[in-house]
Amino acid sequence: MSIAIITGSNGLVGAEATNFFCDKGFDVFGIDNNLRNFFFGRDGSTIWIKKKLKKRNKKYKHFKIDIRNYAGLEKIFKKYNKNISIIIHCAAQPSHDYGKQYPFLDFHVNATGTLNLLELTKKFCPVAPFIFMSTNKVYGDNPNNLKIIEKKKDGN
Ligand SMILES: NC(=O)c1ccc[n+]([C@@H]2O[C@H](COP(=O)([O-])OP(=O)(O)OC[C@H]3O[C@@H](n4cnc5c(N)ncnc54)[C@H](O)[C@@H]3O)[C@@H](O)[C@H]2O)c1
């Protein structure tokens, strides 16, 4: 069993990562508690994305856990430890304006949540790569300057 843990699996980035790693044959454990619904109201809810992911991917397993909940996360890391091959951390409060308005909530989700995941990775699956999505406020517009030509999959 090769497990990819994807936090924020029902968000914009996490859902794409989920499909990608399911297609690669991983067992994807998605961790998302739909906090987006709390941040942005009903229009921000990701329940429909969860349903779509479950329907598309047989290898997707969902965990409704808050990444601020260390003990809740620990149960998964402790049980599956060395079977965890990779962690892709996409769960976040992603809005800068929201963060300015609610700095403690923003800090707890983005900083404490990340620390919880890093500590559990170190403790239970230290050789697994940890991919952190960070924010485009760090790298700005630079990806648009990369000399990449998008082609069809067959190379035509
Ligand atoms: N979307 C982009 O273009 C983009 C670009 C660069 C970086 N990023 C970064 O990628 C990360 C994800 O961005 P996104 O656009 O997918 O955001 P998103 O809001 O679409 O997804 C985040 C997901 O995390 C979940 N979540 C939030 N708090 C949680 C918690 N405490 N516990 C469990 N789940 C929780 C939400 O319910 C949501 O489904 C962010 O850190 C963002 O800064 C995004």
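These are my notebook entries on a ligand and several residues that I looked up in a predicted model.

**Ground rules**

I number residues from 1 along each chain as its sequence is written, and for side-chain values I use heavy atoms, with hydrogens and water left out. Since the model is predicted, I keep in mind that local features need pLDDT of at least 70 and that side-chain atom pairs count only at pLDDT 80 or more, whereas totals for chains, interfaces and linings use all residues.

**Entry 1: the ligand**

I began with the residues around the ligand, where a residue is near if one of its heavy atoms lies within 4 Å of the molecule. There are 25 of them, and Val13, Asp32, Arg36, Asp66 and Tyr139 come nearest.

I then sorted this shell by residue kind, with Ala, Val, Leu, Ile, Met, Phe, Trp, Tyr, Cys and Pro taken as nonpolar, Asp, Glu, Lys and Arg as charged, and the others, Gly among them, as polar. The shell divides into 13 nonpolar, nine polar and three charged residues.

Next I looked up polar contacts, which are pairs of N or O atoms within 3.5 Å; within protein, one atom must be able to donate a hydrogen and the other to accept it, and residues adjacent in sequence count only if both atoms are side-chain atoms. For Gly11, a backbone N or O atom lies 3.3 Å from an oxygen atom of the ligand, and for Val13 a backbone N or O atom lies 2.9 Å from a ligand oxygen atom. Asp32 takes part through its side chain, with an N or O atom 2.6 Å from an oxygen atom of the ligand.

I noted that the protein covers 86% of the 830 Å² of accessible area that the ligand has on its own, an area that comes from the Shrake-Rupley method with a 1.4 Å probe; for residues, only the protein chains shown count as cover.

Helices (H or I, at least four residues) and strands (E, at least two) are DSSP runs, numbered from the N terminus. The elements that give two or more residues to the shell are α1 (12-23), α2 (35-40) and α7 (136-139), and the largest share, three residues, comes from α2.

**Entry 2: Asn34**

I found Asn34 in the loop between β2 (27-31) and α2, and I wrote down its positive phi of about 55 degrees, although it is not a glycine. Is Asn34 buried or exposed? I use buried for under 20% relative accessible area, exposed for over 50%, and partly exposed in between (1.4 Å probe, protein chains only). Asn34 counts as buried because its relative accessible area is 15%.

**Entry 3: Glu74**

Glu74 is found in helix α4 (residues 70-80), and its relative accessible area of 18% makes this residue buried. Which side chain does the side chain of Glu74 contact? I found a polar contact of 3.1 Å with the side chain of Lys123.

**Entry 4: three further residues**

Gly99 belongs to helix α5 (residues 96-101) and counts as buried at 12% relative accessibility. Between Gly99 and Ala71, 28 residues apart in sequence, I noted 25 Å from C-alpha to C-alpha.

Asn57 is in the loop between α3 (47-56) and β3 (60-63), and I marked Asn57 as buried because its relative accessible area is 4%.

Lys152 lies in the segment after α7 and is exposed, with a relative accessible area of 63%. Lys152 and Thr7 are 145 residues apart in sequence and 29 Å apart in space, C-alpha to C-alpha.
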